[in-house]
Amino acid sequence: MYKVTPMNVMLAWLSALFISPICVGYEVQRTKAVSEVLDHLLDGYRKEVRPGIGGERVVIDTDILIKSMGPIKETDMSYSMQVYFRQRWKDDRLSFYLPNITSFTLSNKFINNIWKPNSYFINGRRSKQHNLTVPNAFIRLRYDGSIYMSVRLTVNARCPMVLSRYPMDRVVCPLYIGSFGYTTRDLVYRWENQVDIDPGVTLSQFELGRIEQQNITRKGRYGDLSILQVYIHMSRAVGFFIIQTYVPCYLIVCLSWVSFWINRDGAQARVVLGVTTILTTSAIGITVREGLPRVPYPTALDVFLIMCIVYQMAAFIEYAAVNYFTKLMPLEGGADDDDDEADNLIKPGSKRKLVSVDEEKPEQESQTLIHSYARRLEEKYAQKWAAKIQNCSDFLYTFLQCIVGSADYRQQRTELADPEAGNSVSAIDMVSRVVFPVTFGLVNLCYWLIYFHLDMS
């Protein structure tokens, strides 16, 4: 254990007195030597001429670190990301010798005085370099002339998208890097490391997938060009669209089926319900399309919205068929409801008497005959419509006549109308309560299977 004694204090004082000036002097000499190297490093240097001109081509080792991603815009099919763009090459004209110093870092001002490979993003749009608080770039120079340059950039580039499976699509955004002017005779690019993504990078509507990169050579007007390619795979998150579009549309379609349980005499309620559901779904479709380009093909979301509108229109047309072909009155007139029917049965001056009642018979016997006949009518009506519900061919035939708008069929139905039955529940409504949900479920099952299969392939 170190002890503080007068002798130790004296030794420490002597060390500070004699050794410190030596260290300070050495540091001053080293700084002076670095300054002299930098002052004469660019003597006779021409930044317009590439290293080793007339000899071997320059190899540019490149790598990228993605710090942030987004936004990705479908309207103009572009994306942006913030990256650290790093390049390494060797320039023998910048080699130096300093004792115990192998490399040092230089500020961004030094970049303007040396040769650079003129790298640019071929499919870039409105990319920029960050300059706050100073230009975000630096150079690290080694004694053998190796140069490492790193620049912080925001890259905005084109990203062609095929939106036929939107919002269950996968997006592949490319990035092409090349030299603006140099061919493969003078310069060639190659990837030094894999393109890395910062662990904290997330996107609101996309999930980042794999990244592919490769070196290619493309023919140009004055020779072959060395190009680096990066393909960033992303898959769109469907959760937002399920909550904001799919679930509301499902509920609206189900709401349009409520009209099948509304009496066919309630024309106003059924018409208002049908028109409201169609307009609501159309408004949702217009809102969804605002963020998409005007592509000439339908997207998966368009197909779904059209499918919903078709079923709502079918429910609306179904009531028109019910109202036209089943809400019938006999040629001689009839009752609208059970109350009017009972009044007509006992109305003394009615044109058609259901029971011939002798005025001289007792009143109690007349009432008994009327009630007995009414019960027989009810039983007859129930048996007739029960048989029609069980007979599917009769429903299909009625539906076909509704589609073609047969006036003869309507005339036949009018002649067969039962004035005592009135307008009860329509058989078409009863069948529609089952047919519409079942077919809509099957169509949706096919929809999701098809698009998820396309998404996985």
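Thr-154 sits in strand β7, which covers residues 146-158. With a relative accessibility of 18%, Thr-154 counts as buried, because the cut-off for that label is under 20%. Its side chain has a polar partner: a contact of 2.6 Å joins the side chains of Thr-154 and His-130. If you skip the neighbours within four places in sequence, the residues that Thr-154 is in contact with are Met-81, Gln-82, Ser-127, Lys-128 and His-130. Keep in mind as you look around that this is a predicted model.

Now step back for the overall picture. The protein has 9 helices and 12 strands. Of its 457 residues, 38% are buried. Take the contacts between residues at least 6 apart in sequence, and 78% of them join residues at least 24 apart. On the outside, the protein exposes about 27400 Å², with carbon and sulfur atoms supplying 59% of that area.

Met-81, one of the residues in contact with Thr-154, leads us inside. The largest nonpolar core has 81 residues, and the members that touch the most other members are Ile-64, Ile-66, Met-69, Tyr-79, Met-81, Leu-175 and Met-234. Helix α4 (residues 300-325) gives this core its largest share, 8 residues. Leu-175 is a good place to see who meets whom: beyond residues up to four places away in sequence, Leu-175 touches Ile-64, Tyr-79 and Met-81, and also Phe-121, Asn-123, Val-155, Ala-157, Leu-228, Gln-229 and Val-230.

Strand β6 (residues 137-142) offers another buried spot to visit, Ile-139. The relative accessible area of Ile-139 is 0%, so this residue counts as buried. Phe-104 is 35 residues away from Ile-139 in sequence, yet their C-alpha atoms are 8.6 Å apart in space. Phe-104 is also among the residues that Ile-139 touches, along with Thr-105, Leu-106, Phe-110, Ile-111, Ile-114, Ile-147, Tyr-148 and Met-149, again not counting residues up to four places away in sequence.

Over to helix α3, which spans residues 267-289 and holds Thr-281. Thr-281 is buried too, with a relative accessible area of 0%. So where does its side chain turn for a polar partner? It reaches the backbone oxygen of Thr-277, at 3.0 Å. Leaving out the neighbours within four places in sequence, Thr-281 is in contact with Cys-249, Ile-252, Leu-305, Cys-308, Ile-309 and Gln-312.Next come the charged residues. Side chains of opposite charge can pair when their charged atoms come close. A search of the whole structure turns up 16 salt bridges. In one of them, the side chains of Arg-50 and Asp-186 meet at 3.2 Å, N to O. Arg-50 belongs to the loop between α1 (6-41) and β1 (58-73), while Asp-186 belongs to the loop between β8 (170-179) and β9 (187-191), so the pair ties together parts that are 136 residues apart in sequence. The two partners have their own accessibility labels: Arg-50 counts as buried at 5% relative accessibility, whereas Asp-186 counts as partly exposed at 26%.

Lys-219 and Asp-224 form another salt bridge, with their closest N and O atoms 3.7 Å apart. Here Lys-219 is exposed, with a relative accessible area of 71%, and Asp-224 is partly exposed, with 29%.

A further pair brings us back to helix α3. The side chains of Asp-429 and Arg-270 meet in a salt bridge at 3.0 Å, N to O. Asp-429 lies in helix α9 and Arg-270 in helix α3, so this bridge ties together parts that are 159 residues apart in sequence. Both Asp-429 and Arg-270 are buried. Elsewhere, salt bridges link up into a network made of Asp-63, Arg-86, Arg-88 and Glu-192.

Last stop, helix α9, which covers residues 427-456 and also holds Val-434. What are we to call Val-434, buried or exposed? It counts as exposed, because its relative accessibility is 52%. Val-434 has nonpolar company on the surface: together with Val-438, Leu-442, Leu-445 and Leu-449, it makes a nonpolar patch of about 480 Å².

Notes:
Residues numbered from 1 in each chain as written. Predicted model: local features only at pLDDT ≥ 70, side-chain atom pairs only at ≥ 80, totals over all residues. Heavy atoms only, no water. Patch = residues over 30% accessible without salt bridge, like charges linked within 9 Å, V, L, I, M, F, W, Y side chains within 5 Å. Areas by Shrake-Rupley, 256 points an atom, 1.4 Å probe, with all protein chains shown as cover. Salt bridge = Lys/Arg side-chain N within 4 Å of Asp/Glu carboxyl O. Helix = DSSP H or I, 4+ residues; strand = E, 2+ residues; numbered from the N terminus. Buried < 20%, exposed > 50% of the residue type's maximum accessible area, 1.4 Å probe, protein only. Core = buried A, V, L, I, M, F, W, Y, C linked by side-chain atoms within 4.5 Å. Contact = heavy atoms within 4.5 Å. Polar contact = N/O pair within 3.5 Å; in protein donor to acceptor, adjacent residues only side chain to side chain.
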